[in-house]
Amino acid sequence: QVQVVESGGGAVQVGGSLRLSCTASGLTFSSYTMGWFRQAPGKEREFVASISTSGSTLDYADSVKGRFTISRDNANSAVYLQMNSLKPEDTAIYYCGTTRGGLYPYRRLWRKYDYWGQGTQVTVSS
């Protein structure tokens, strides 16, 4: 039974920071590229960041590059998203997913991910 669980969301002011966490069980965590996607009301799910199995390859959407940092801890089957300098446009539900397709551009496509968490809400206001 595969289970993926996100946590760490909340409400922050513009310019603030949040750290999202994602844990996965029921799979060989170190065999999966991990990704973060987000979905705002009325918009399609969009790619945020991904990290390869060993953590050697990081990929970011242009909209978050320089502000967000993705990392992973294979010993604890966890992936993180450190979000700094938050903007209202970052408001969305953030989802964590797993994929065996780590090559570009597949790691940016949500349909290539196998398992997903329930999502965690991030709200950025002025």
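Which residues form one aromatic cluster? Phe-37, Phe-47, Tyr-113 and Trp-116 do, and the views below look at parts of this group and at a charge beside it.

The model is predicted, so that local features need pLDDT of at least 70 and side-chain atom pairs count only at pLDDT 80 or more, while totals for chains, interfaces and linings use all residues. Residues are numbered from 1 along each chain as its sequence is written, and side-chain values use heavy atoms, leaving out hydrogens and water.

**View 1. The pair of Phe-37 and Trp-116.** A search of the whole structure finds four aromatic pairs (ring centres of Phe, Tyr or the six-membered ring of Trp within 6.5 Å). Phe-37 and Trp-116 form one that is edge-to-face (planes over 60 degrees apart), with 5.4 Å from centre to centre and 75° between the planes. This pair links distant parts of the chain, 79 residues apart, since Phe-37 belongs to strand β4 (residues 33-39) and Trp-116 to strand β10 (residues 115-116), strands being DSSP runs of E with at least two residues, numbered from the N terminus. Phe-37 is buried (under 20% relative accessible area, 1.4 Å probe, protein chains only) at 1%, whereas Trp-116 is partly exposed (from 20% to 50%) at 24%.

**View 2. The pair of Tyr-113 and Trp-116.** These two rings are tilted (planes neither under 30 nor over 60 degrees apart), at 5.5 Å centre to centre and 40° between the planes. Tyr-113 is buried, with a relative accessible area of 6%.

**View 3. Arg-45 over two rings.** The charged end of Arg-45 sits over the ring of Trp-116 (CZ within 6 Å of the ring centre and within 35 degrees of the ring normal), 4.8 Å from its centre. Arg-45 also lies over the face of Trp-110, at 5.2 Å from the ring centre.

Notes
Helix = DSSP H or I, 4+ residues; strand = E, 2+ residues; numbered from the N terminus.
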